[in-house]
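Subject: Structure for your review

Dear colleague,

Please find below the sequence and structure that I am handing over to you. My findings follow directly after them.

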Amino acid sequence: MSDPVDTRRLAALISPLRRNLLALSRETAGLPDVPDSQVEVLRALPRGTVSTPGALARRLGLRKSTMSNLLTAMEAAGLVVRRPSPDDRRRVEVLASPHALSIFDRFDATSAQLLAQAAATLRADDLAALGAAVPALERLGDALADRRRRTIDGDDG
């Protein structure tokens with residue numbers, strides 16, 4: 001009995017799809033080239049979200065030293081703000097800068113528009129299949145993120 005999902009084909013499709021959407025969105029909206037690792041951090045800090053470096057590292061499945069280096073580079077680029085916690089001045093809080101939020105707003109709007117334009121060229125059955133696949137792809141992403149966190153924590157069982 002064969003698998004219901006051709007995982008090799010899916011894996012080979014995801015990266016180029018993402019890369020093309022990202023490049024086209026950047027070109028269309030004139031957006032800066034933000035490294036993938038920094039994009040992950042910013043996605044974990046939506047508007048109004050404040051976190052600690054340790055909590056971000058756990059959430060993203062990164063080592064604390066890696067997160068510290070990322071935040072240093074991102075702060076220098078004006079993408080995040082680090083500040084003392086109002087509750088405990090020894091702790092540091094991190095939030096996305098207004099500049100970073102503006103970039104993400106433009107990227108999200110542009111990529112949604114580009115996807116809508118591309119989707120308009122598809123047949124109705126393809127559109128229905130894409131719509132039905134979105135929740136499953138979200139769960140697949142969550143499963144991969146959970147496994148990555150367990151690997152970083154040393155408990156990949």
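I begin with the interior of the protein. In this predicted model, the largest nonpolar core comprises 24 residues, and V41, L42, L56 and M67 have the most contacts inside it. Two or more residues each are given to this core by α2, α3 (53-60), α4 (64-76), β2 and α5. Helix α5 supplies the largest share, namely five residues. As a general background, nonpolar side chains in soluble globular proteins tend to be buried together.

L56 illustrates how this core is joined. Apart from its neighbours within four places in sequence, L56 is in contact with V41, A44, L45, S51, M67, L71 and V94. Two of these partners, V41 and M67, are themselves listed with L56 among the core residues with the most contacts.

As to the overall arrangement, the protein contains six helices and two strands. Their order along the sequence is α-α-α-α-β-β-α-α. The C-alpha trace spans about 55 × 45 × 25 Å along its principal axes. The protein has 157 residues, of which 24% count as buried. Among contacts with a separation of 6 or more, 53% are between residues 24 or more positions apart.

Helix α5

Helix α5 covers residues 98-119, which is 22 residues. The distance from its first C-alpha to its last is 31 Å, close to the 32 Å expected at 1.5 Å a residue. Its buried residues are A100, L101, I103, F104, F107, T110, S111 and L114. They are covered by elements that include α1 (7-29), α2 (36-43) and β2 (92-96).

A100 is one of these residues of α5. Its relative accessibility is 1%, and A100 therefore counts as buried, the limit being under 20%. Not counting residues up to four places away in sequence, A100 touches L42 and L79. By contrast with these contacts, the C-alpha atoms of A100 and L56 are separated by 17 Å, the two residues being 44 apart along the chain.

Helix α2

Which residues of α2 are buried? They are Q38, V41 and L42. Viewed down the axis of α2, these buried residues fall within an arc of 95°, so they line one face of the helix. The elements covering them include α3, α4, β1 (80-84), β2 and α5.

S25 in helix α1

S25 belongs to helix α1 and, at 0% relative accessibility, counts as buried. A polar atom of its side chain lies 2.8 Å from the backbone oxygen of L21. Leaving aside neighbours within four places in sequence, S25 is in contact with G30, L31, F107, T110, S111 and L114. Of these partners, F107, T110, S111 and L114 are among the buried residues of α5.

Salt bridges

The structure holds nine salt bridges, and I describe some of them here.

R47 and D105 form a salt bridge in which the closest N and O atoms are 2.4 Å apart. R47 lies in the loop between α2 and α3, whereas D105 lies in helix α5, so this pair ties together parts that are 58 residues apart in sequence. R47 is exposed, with a relative accessible area of 52%, while D105 is partly exposed at 41% relative accessibility.

A salt bridge also joins R26 and D33, with 2.8 Å between the closest N and O atoms. Is R26 buried or exposed? R26 counts as buried, at 18% relative accessibility. Its partner D33, at 59%, counts as exposed.

The side chains of R123 and D125 likewise meet in a salt bridge, at 3.0 Å from N to O. R123 counts as exposed at 53% relative accessibility, and D125 is partly exposed with a relative accessible area of 47%. Together with D126, these two residues are linked in a network of salt bridges.

When you open the model, you may wish to begin with α5, which gives the largest share of the core and also carries D105, the partner of R47.

Yours sincerely,
A colleague

Note on methods:
Residues numbered from 1 in each chain as written. Predicted model: local features only at pLDDT ≥ 70, side-chain atom pairs only at ≥ 80, totals over all residues. Heavy atoms only, no water. Helix = DSSP H or I, 4+ residues; strand = E, 2+ residues; numbered from the N terminus. Expected span 1.5 Å × (residues − 1). Buried < 20%, exposed > 50% of the residue type's maximum accessible area, 1.4 Å probe, protein only. Contact = heavy atoms within 4.5 Å. Core = buried A, V, L, I, M, F, W, Y, C linked by side-chain atoms within 4.5 Å. Salt bridge = Lys/Arg side-chain N within 4 Å of Asp/Glu carboxyl O. Arc of directions from axis to C-beta. Polar contact = N/O pair within 3.5 Å; in protein donor to acceptor, adjacent residues only side chain to side chain.
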